[in-house]
Amino acid sequence: MTYCLGIITRFGLVMAADSRTNAGVDYVSTYQKLFDFSVPEERVILICTSGNLSITQGVLTEVQRDLRQPESSNLHTFPHLYDVARYLGSKIRYIQEQDRPWLEKDGIDAQCSLLLGGQIRGEEPALFLIYSQGNCIQATPETPFLQVGETKYGKPILDRTLSYETSLADAAKCALLSIDSTMKSNISVGPPIDLVMVQADQFKVTHRLRLRTGDPYLAKMRKLWESALKQAFDQMPPIEWDYSDPVDQEELLD
């Protein structure tokens, strides 16, 4: 399992991913999940991968092979980011068509999904979730984030904190808190954490981080967040119970 997310705001794009892959409790590895295929001054193309590792690596291999053949359609020739999303979807289907029968024969899940974020000159920044079937959806101002992988633990903070008007700096902090919350609850998600922030209309990646196990910022962020949550919890007013029997209220509170 892994966890990747993308956030899009009026000001640009943030993408983040962990690097943990496991095939059981006794086989845990580290693999990069966030990839940069940008062409400075022309287009930003960022891809996060989740799911069956052999399928996603096959997709990336096909993508890189096309990039080495200028006469073919590739990430750098499509005029719209939506076209790039459809292209990546077709690559997923292509690899799955070859491998799925053999994987399913041994009960191995062939599912995968991708996040595509970026901006092509002449368009606004965009963020897409590409499903295992090859189709895709796009983030909107009403829903300014998309997730793949182990999504449930990191979603509440995104729901409560983010909007399309959130600054990129705050969106980046929110992304790290979302991943940290997931790591706290699920050992199948873990560092290194890759984080990228891209300003709208800059057409290049200028902010990039890789946070490894024991990173001081991650440790400080977790400590402050847990302290703030505990303080907020302590400030919640008592529940106003509707007592239906004559039990001593002081006895209930003891």
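This is a short tour of a predicted model, stop by stop, with a selection to make at each one.

**Before you click**

Residue numbers start from 1 along each chain as its sequence is written. Because this is a predicted model, local features need pLDDT of at least 70 and side-chain atom pairs count only at pLDDT 80 or more, while totals for chains, interfaces and linings use all residues, and side-chain values use heavy atoms, with hydrogens and water left out.

**Stop 1: the whole chain**

Show everything as a cartoon. The C-alpha trace spans about 80 × 45 × 35 Å along its principal axes. You should find 6 helices and 12 strands; helices (H or I, at least four residues) and strands (E, at least two) are DSSP runs, numbered from the N terminus. Of the 254 residues, 46% count as buried, where buried means under 20% relative accessible area, exposed over 50%, and partly exposed in between (1.4 Å probe, protein chains only).

Now colour by pLDDT, the predictor's confidence in each residue, from 0 to 100. The average is 91, and 93% of the residues score at least 70. Among the elements, S8 has the highest mean pLDDT (98) and H6 the lowest (57).

**Stop 2: strand S8 and its two hairpins**

Select 126-130, which is S8. How many of its residues are buried? The count is 5 of 5. Turn on the side chains: Ala126, Phe128 and Ile130 point one way, while Leu127 and Leu129 point the other. In a regular strand, side chains alternate between the two faces of the sheet.

Add 112-120 to bring in S7, which runs antiparallel to S8 and is joined to it by 5 bridges. (Two strands pair if DSSP finds at least two bridges between them.) Look for glycine 117, whose bridge partner in S8 is leucine 127. S7 and S8 make a hairpin with 5 residues between them, and glycine 122 in that turn has a positive phi of about 100°.

Next add 136-138 for S9, also antiparallel to S8, with 3 bridges joining the two. Here leucine 129 has isoleucine 137 as its bridge partner in S9. Which glycine in the S8-S9 turn has a positive phi? Pick glycine 134: its phi is about 100°, in a hairpin with 5 residues between the strands.

**Stop 3: the open sheet**

Select S10, S1, S2, S11 and S12, which form an open 5-stranded sheet in the order S10-S1-S2-S11-S12 with antiparallel pairing. The edge strands are S10 (145-149) and S12 (207-211), each pairing on one side only. From one strand to the next, the twist averages 10°; the axes behind such angles are lines fitted to C-alpha atoms, for helices over the stretch in contact, and angles run from 0 to 180 degrees between N-to-C directions.

Zoom in on S11 (193-199), which 5 bridges join to S12. Aspartate 194 there stands opposite arginine 210 in S12.

**Stop 4: salt bridges**

The whole structure has 14 salt bridges, each a side-chain nitrogen of Lys or Arg within 4 Å of a carboxyl oxygen of Asp or Glu. Three pairs and a network are worth selecting:

- Glutamate 165 and arginine 10 meet at 2.5 Å, N to O. Glutamate 165 is in the loop between H3 (155-161) and H4 (168-185) and arginine 10 in the loop between S1 (3-9) and S2 (12-17), so the pair ties together parts 155 residues apart in sequence. Glutamate 165 is partly exposed at 43%, as is arginine 10 at 47%.
- Arginine 208 and aspartate 36 have their closest N and O atoms 2.9 Å apart. The pair links S12 to S5 (34-36), 172 residues apart.
- Lysine 155 and aspartate 159 meet at 2.8 Å, N to O. Both lie in helix H3, 4 residues apart, about one turn of the helix.
- Glu62, Arg65, Asp66 and Lys91 are linked in a network of salt bridges.

**Stop 5: a nonpolar patch**

Finally, select Ile239, Trp241 and Tyr243, which make a nonpolar surface patch of about 370 Å². Patches use residues with over 30% relative accessible area and no salt bridge, joining like charges within 9 Å and nonpolar side chains (Val, Leu, Ile, Met, Phe, Trp, Tyr) within 5 Å. Accessible areas come from the Shrake-Rupley method with a 1.4 Å probe; for residues, only the protein chains shown count as cover. Is isoleucine 239 buried or exposed? Isoleucine 239 counts as exposed, because its relative accessibility is 60%. Its place is in the loop between H5 (216-234) and H6 (249-253).
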